[in-house]
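This report goes through one protein model, element by element. Please keep the sequence and coordinates open while reading.

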Amino acid sequence: MTTHISPLTVVSVAASLLWWHSPPLVVLRGADAFLRPCDKSLRRARRRVTRLQIAPQQLGEFEPIQTLQGSRSERKVRLYNFLSSDGSETTTIPYKEAWAFQHSLVKHQLERLGKRPIDPPLYDQFLVDVREDGTSMAINQLGCDSVIFLEHDPVYTLGTGSDPSFILDESIEIVRIERGGEVTYHGPGQLTVYPILDLRGYKQDIHWYMRALEEVILLALQKSGVDNATREEDLTGVWVSDKKIAALGIKARRWVTMHGLAINVDSRSLRNFEGIVPCGLEGRTVTCIDDEIKGQMCDLNEFACHVKSAIEEIFQITLVES
């Protein structure tokens, strides 16, 4: 089912990434990286080993957020899952339609926050009064945090400062949008995820948020059998053996995020990358999960379950499907 929302205008300045280098340290992922209340000296030691190795480009680091015990079940976030329910038939969403939907959700978030920073939010960013079947009794739901899962119709998207010369084939729809980053491709066989989150409930740090999204991808890939996925020095995204498997590009306004990440799942996702220079990186290639788990096939809906679980773990939330 496709939700139709009329386009809405959101104007802001795109987040920029600064550069620095962090020394390599031991990496713990997912739940293993969360600090539990314990002796202070042990907590300090745990902190020393939970710092991730960050490439010079990637200011900030992923540090697990601290929430009260049991609060994850109360931090409910709406999941708009537009993937085919049984996986038998691909359901793709036109890019501009999904873009307009994102703008609508951001608009409702900003209305919830009020016009002045000093004003308290009109209501909580997390869902309340959610029934067991996922429906909600609350009136103001569109302004709460949400995440979108979908596959797009074939499209090339350009960031605010992207160079159009990186597009080699203009036979596919081209859309310039307000995210950061260079040109990329979206299409069938690729899982695209758009978190519309108020970072006040997580960590008010754009660089931390980018690292958290990368951590979601790394954890989900690991659960699907891709064990050698990594960050790469000087580059945003996730890589496997020098080939890019997932891209990120975001925008935030008043700490409310939009756009997000895209992960190449099956071979269909690679068909139109030859028409661009992906992310403006000359001589670099892309890959997909199917190519990395030799002799196996990755079901996109199954992989989406891994991503859902990883998002819940990294952001300490419970996703409630619409």
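What follows describes selected strands, helices and side chains of a predicted model.

## Strand 9 and its two hairpins

Strand 9 covers residues 235-240, and 6 of its 6 residues are buried, so the strand is largely enclosed by the rest of the structure. Its side chains alternate in direction: L235, G237 and W239 point one way, T236, V238 and V240 point the other way, and all are buried.

The strand has an antiparallel partner in strand 8 (residues 229-232), with 3 bridges between the two. It also pairs with strand 10 (residues 243-253), again in the antiparallel sense and over 3 bridges. W239 takes part in both pairings: T230 of strand 8 stands opposite W239, and K244 is the bridge partner of W239 in strand 10.

Both connections are hairpins. Strand 8 and strand 9 have 2 residues between them, and D234 in that turn has a positive phi of about 75°. The hairpin of strand 9 and strand 10 also has 2 residues between the strands, and here S241 takes a positive phi near 50°.

## The 5-4-6 sheet and helix 2

An open sheet is formed by 3 strands in the order 5-4-6, with mixed pairing. Strand 5 (174-176) and strand 6 (184-186) are the edge strands, each pairing on one side only. On average, neighbouring strands of this sheet are turned by 30° against each other, direction ignored. Strand 4 (residues 155-158) and strand 6 are antiparallel and share 3 bridges; within this pair, Y156 has Y185 in strand 6 as its bridge partner. Helix 2 (residues 95-113) packs on the sheet and touches strand 4, strand 5 and strand 6, its direction making about 20° with that of strand 5.

Helix 2 has 19 residues and reaches 27 Å from its first C-alpha to its last, close to the 27 Å expected at 1.5 Å a residue. The helix is mostly covered, with 15 of its 19 residues buried. G114 follows helix 2 and has a positive phi, near 85°.

## Helix 5

Helix 5 (residues 300-315) has 16 residues, which should span 22 Å at 1.5 Å a residue; the end C-alpha atoms are 22 Å apart, so the two values agree. At the N-terminal end, D299 acts as a cap, with a side-chain oxygen 3.1 Å from the backbone nitrogen of N301. After the helix comes Q316, whose phi is positive, near 55°.

How many of the 16 residues of helix 5 are buried? The count is 12, so the helix is largely enclosed by the rest of the structure. The buried residues include L300, F303, A304, V307, I311 and F315, and also N301, H306, E312 and E313. An α-helix has 3.6 residues a turn, so residues three or four places apart point the same way. The buried residues of helix 5 pack against strand 3, strand 7 (190-196), helix 3 (206-223), strand 11 (256-264), helix 4 (289-292) and strand 13 (318-321).

## Two buried polar side chains

E151 is located in strand 3 (residues 146-152). Is this residue buried or exposed? E151 counts as buried because its relative accessibility is 4%, below the 20% cut-off. A polar atom of the E151 side chain lies 2.7 Å from the backbone nitrogen of G189. Leaving aside neighbours within four places in sequence, the contacts of E151 include T90, T91, T92, P188, G189, R268 and L300.

Y202 is in the loop between strand 7 and helix 3 and is buried, with a relative accessible area of 10%. Its side chain makes a polar contact with the side chain of D145, at 2.7 Å. Not counting residues up to four places away in sequence, Y202 touches residues including I65, R75, D145, W208, F315 and I317. Y202 and I314 are 112 residues apart along the chain, while their C-alpha atoms are separated by 9.9 Å.

## Cysteines

The model has 0 disulfides. Why is the sulfur of C288 not bonded to the closest cysteine sulfur? That sulfur belongs to C298 and is 9.1 Å away, which is too far for a bond; a disulfide requires sulfur atoms within 2.5 Å. C288 counts as buried, at 0% relative accessibility, whereas C305 is exposed, with a relative accessible area of 52%.

Note on methods
Residues are numbered from 1 along each chain as its sequence is written. This is a predicted model: local features need pLDDT of at least 70, side-chain atom pairs count only at pLDDT 80 or more; totals for chains, interfaces and linings use all residues. Side-chain values use heavy atoms; hydrogens and water are left out. Buried means under 20% relative accessible area, exposed over 50%, partly exposed in between (1.4 Å probe, protein chains only). Helices (H or I, at least four residues) and strands (E, at least two) are DSSP runs, numbered from the N terminus. Two strands pair if DSSP finds at least two bridges between them. A polar contact is a pair of N or O atoms within 3.5 Å; within protein, one must be able to donate a hydrogen and the other to accept it, and residues adjacent in sequence count only if both atoms are side-chain atoms. Contact means heavy atoms within 4.5 Å. Axes are lines fitted to C-alpha atoms, for helices over the stretch in contact, and angles run from 0 to 180 degrees between N-to-C directions. The expected span of a helix is 1.5 Å times one less than its number of residues.
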